[in-house]
Amino acid sequence: QVQLVESGGGLAQVGGSLRLSCVASGRSLSSYAMGWFRQAPGKEREFVASIRWDDGWTHYADPMRGRCTVSVDKAKNTASLQMNNLKPEDTAVYYCAARALSGVRFDFWGQGTQVTVSS
C-alpha cells in the first residue's frame, strides 16, 4: 500500500504560482511513477503530469505543458507540482497518484487539494 497526502493548494491570482506537494509513505517508490491529475466542477478528471521516481523521466499533458514542472525529492519522499502563470481554467481539485511501473493504472490516490485561480 502507498499512502499519499497532498498539500499546497489555495487561492491564487491569474498569472500567479502555486506549488503542490505530495508526501508518500508505506513502501519504497523506486519502482513507481507519480502522477498529478485534476478535476474541475462538472468535468472529468484529467491528467496533468507524471514523473518516474527512479530516473526522473517526465511527461506533461497539453493543458499545463510549459506552465508546470513536476519533480521528486527522494530524501523527503515527496513529489511536487510547480504551477506558474495560472489561469482561471486551472481551478480544480488536484490529486497526486502512484502507479507501479509494471502496471498501467494509477492505483493509489491522495485526498486532493483545491486550487482556485481568480481574476
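With 60° about the S-S bond, the disulfide that links Cys22 and Cys96 is right-handed; a disulfide here is a pair of cysteine sulfur atoms within 2.5 Å. The sulfur atoms of Cys22 and Cys96 are 2.0 Å apart, and the structure holds one such bond. Because Cys22 belongs to strand E3 and Cys96 to strand E9, the pair ties together parts that are 74 residues apart in sequence. Strands (E, at least two residues), like helices (H or I, at least four), are DSSP runs numbered from the N terminus.

The model is a predicted one, in which local features need pLDDT of at least 70 and side-chain atom pairs count only at pLDDT 80 or more, whereas totals for chains, interfaces and linings use all residues. Residues are numbered from 1 along each chain as its sequence is written, and side-chain values use heavy atoms, with hydrogens and water left out.

Both ends of the disulfide are covered. Cys22 is buried, with a relative accessible area of 0%, and Cys96 is likewise buried, at 1%. Buried means under 20% relative accessible area, exposed means over 50%, and partly exposed lies in between, with a 1.4 Å probe and protein chains only. Cys68, by contrast, takes part in no disulfide; the nearest cysteine sulfur, that of Cys96, is 14 Å away. Cys68 is nevertheless buried, with a relative accessible area of 6%.

The interior of the model can be described next. The largest nonpolar core has 31 residues, of which Leu4, Met34, Trp36, Val48, Leu81, Met83 and Tyr94 touch the most other members. Such a core is a set of buried Ala, Val, Leu, Ile, Met, Phe, Trp, Tyr and Cys residues joined through side-chain atoms within 4.5 Å. The elements that give two or more residues to this core are strands E3 (18–25), E4 (32–39), E5 (46–52), E7 (68–73), E8 (78–83), E9 (92–100) and E11 (113–118). Leu4 illustrates the packing: leaving aside neighbours within four places in sequence, Leu4 is in contact with both Cys22 and Cys96, and its other partners include Met34, Phe108 and Trp109. Contact means heavy atoms within 4.5 Å.

Strand E4 is mostly covered, since seven of its eight residues are buried. E4 runs antiparallel to E9, to which eight bridges join it; two strands pair if DSSP finds at least two bridges between them. Within this pairing, Arg38 has Tyr94 of E9 as its bridge partner. E4 also pairs with E5 in the antiparallel sense, over six bridges, and there Trp36 is matched with Ala49 of E5. E4 and E5 form a hairpin with six residues between them, and Gly42 in the turn has a positive phi of about 75°.

The loop between E3 and E4 contains Leu29. This residue is buried, with a relative accessible area of 2%. Not counting residues up to four places away in sequence, Leu29 touches Val2, Ala24, Met34, Trp53 and Asn77. The C-alpha atoms of Leu29 and Arg99 are separated by 9.3 Å, although the two residues are 70 residues apart along the chain.

In strand E8 lies Gln82. The side chain of Gln82 makes a polar contact with the side chain of Arg19, at 3.2 Å. A polar contact is a pair of N or O atoms within 3.5 Å; within protein, one must be able to donate a hydrogen and the other to accept it, and residues adjacent in sequence count only if both atoms are side-chain atoms. Among the residues that Gln82 touches, not counting those up to four places away in sequence, are Ser17, Arg67 and Cys68.

Aromatic rings supply a further set of links. A search of the whole structure finds six aromatic pairs. Rings of Phe, Tyr and Trp (its six-membered ring) pair if their centres lie within 6.5 Å; planes under 30 degrees apart count as stacked, over 60 as edge-to-face and the rest as tilted. Phe37 and Phe47 form an edge-to-face pair, 5.5 Å centre to centre with 70° between the planes. Because Phe37 lies in E4 and Phe47 in E5, this pair ties together parts that are 10 residues apart in sequence. Phe37 is buried, at 10%, whereas Phe47 is partly exposed, at 22%. Tyr95 and Trp109 are also edge-to-face, 6.5 Å centre to centre with 80° between the planes. Ring pairs link Phe37, Phe47, Tyr95, Phe106 and Trp109 into a cluster.
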